[in-house]
Amino acid sequence: MSEQSSQDQGDVYTHGHHESVLKSHTSRTAENSAAYLIPHLTHGLRVLDVGSGPGTITADFARLVAPGEVLGLDRSPEVVATATAWAATQHLANLSFDTGDVYSLDFPENSFDVVHAHQVLQHLTDPVQALREMRRVAKPGGIVAVRDADFHGMFWYPQLPELDEWMALYQEVSRHNQAEPDAGRRLVHWAQAAGLGEVTPSSANWLYATPQERTWLAEVWAERVTHSALAEQAVAYGLADTATLERIAAGWRAWGAAADGWFVMPNGEIIARV
């Protein structure tokens, strides 16, 4: 996933496209990141995946609705090119990717049966307007489906001070970007403000508690904290220095090495009928 947004809106993607970010995004599938939507996907539907990033979730949608068309949109031409090249190896004739702007989707009204966004709204300066635009291109009786994490809802053990510092820093950077890191709990509110009706809310967690999961998550975030756009922004905004970022990264690796480590990332989800 790479989050869709508009250059004109001034949106800043907190995570950027560092290798550590893409490593996380390419681990996502429809099963582990969009299970709430799967029961609504049937053969022949036309699906728009907004902020599709590397396209792994999007490709799963293409398999589930074939021969229906699935289009993934992202604002980054480089990310779209990478997703397109990878999609060619999947031999999915009904899957394509293109650049686009969630605030001004280049489609007429009533174009898609399902409009989906995963971990997108949390990075936008105007999530309500994005939902309005997603609603516009959805067909009557169709679905707008959204899933976003809730950072302040995350919890972990052991309670390492460096991870508390990480959370505080992430909140500061995201809010400096005029985004909402605690998006999960706000999805119903945003959907109502956007005029969406028949909103069905749900929630699902990502849990990291096995040795392999802990090692993977710890390394992903240690790399993000020191090398991704998050690190660059934290320094540029005067919120942290290199020593602070290295200390937080070390804390993540210490958590990953803890035999009793536990980390939960909660996600809010909504299915909204148009």
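Colleague: In which strand of this model is Tyr157 placed, and is Tyr157 buried, partly exposed or exposed?

Modeller: In this predicted model, the place of Tyr157 is in strand E6. Its relative accessible area is 45%, which lies between the 20% limit for buried and the 50% limit for exposed, and therefore Tyr157 in E6 counts as partly exposed.

Colleague: Which residues make the nonpolar surface patch, and about what area does the patch have?

Modeller: Tyr157 is one of the contributors, and the patch also takes in Phe155, Leu207 and Trp262. Together these four side chains, Phe155, Tyr157, Leu207 and Trp262, make a nonpolar surface patch of about 420 Å².

Colleague: What is the geometry of the peptide bond from Tyr157 to Pro158, and where does Pro158 lie?

Modeller: Pro158 lies in the loop between E6 and helix H6, which covers residues 161-176. The peptide bond that leads into this loop from Tyr157 has omega near -5 degrees, and it is cis.

Colleague: Which peptide bond to Pro67 is cis, and what is its omega?

Modeller: Pro67 is found in the loop between H3 and strand E2, the latter spanning residues 70-74. The bond in question runs from Ala66 to Pro67, and it is cis with omega near 5 degrees.

Colleague: How many bridges join E7 to E8, and in which sense do the two strands run?

Modeller: Strand E7 covers residues 197-208, and as one point of register Ser203 stands opposite Gly268 in E8. The two strands run antiparallel, and the bridges that join them number eleven.

Colleague: Which residue in E8 is the bridge partner of Val144?

Modeller: Strand E5, residues 138-149, pairs with E8 in the antiparallel sense over seven bridges. Within E8, Val146 has Ile270 as its bridge partner, and the bridge partner of Val144 is Ala272.

Colleague: Why is E8 described as largely enclosed by the rest of the structure?

Modeller: Besides its pairing with E5 over seven bridges, E8 pairs with strand E6, residues 155-157, in the antiparallel sense over three bridges, and there Trp156 stands opposite Phe263. The description itself rests on burial, because E8 spans residues 262-273 and, of its twelve residues, the number buried is ten.

Colleague: In which sense do E4 and E5 pair, and what is the handedness of the β-α-β unit that they make with H5?

Modeller: Strand E4, residues 112-118, pairs with E5 in the parallel sense over six bridges, and Val115 has Val144 in E5 as its bridge partner. With helix H5, residues 127-137, E4 and E5 make a β-α-β unit that is right-handed.

Colleague: Is Leu37 buried or exposed, and which residues beyond its sequence neighbours is Leu37 in contact with?

Modeller: Leu37 lies in the loop between helix H2 and strand E1, and with a relative accessible area of 0% it is buried. Leu37 and Phe61 are 24 residues apart in sequence and 9.7 Å apart in space, C-alpha to C-alpha, and Phe61 is itself among the buried residues of H3. Leaving aside neighbours within four places in sequence, the contacts of Leu37 are Phe61, Val114, His116, Ile143, Ala145 and Ile271.

Colleague: What is the phi of His91, and is His91 buried or exposed?

Modeller: His91 is placed in the loop between helix H4 and strand E3, and it has a positive phi of about 55 degrees although it is not a glycine. Its relative accessibility is 70%, so His91 counts as exposed.

Technical notes. Residues numbered from 1 in each chain as written. Predicted model: local features only at pLDDT ≥ 70, side-chain atom pairs only at ≥ 80, totals over all residues. Heavy atoms only, no water. Helix = DSSP H or I, 4+ residues; strand = E, 2+ residues; numbered from the N terminus. Buried < 20%, exposed > 50% of the residue type's maximum accessible area, 1.4 Å probe, protein only. Contact = heavy atoms within 4.5 Å. Pairing = 2+ DSSP bridges. Right-handed = clockwise from strand over helix to strand, strands pointing away. Patch = residues over 30% accessible without salt bridge, like charges linked within 9 Å, V, L, I, M, F, W, Y side chains within 5 Å. Areas by Shrake-Rupley, 256 points an atom, 1.4 Å probe, with all protein chains shown as cover.
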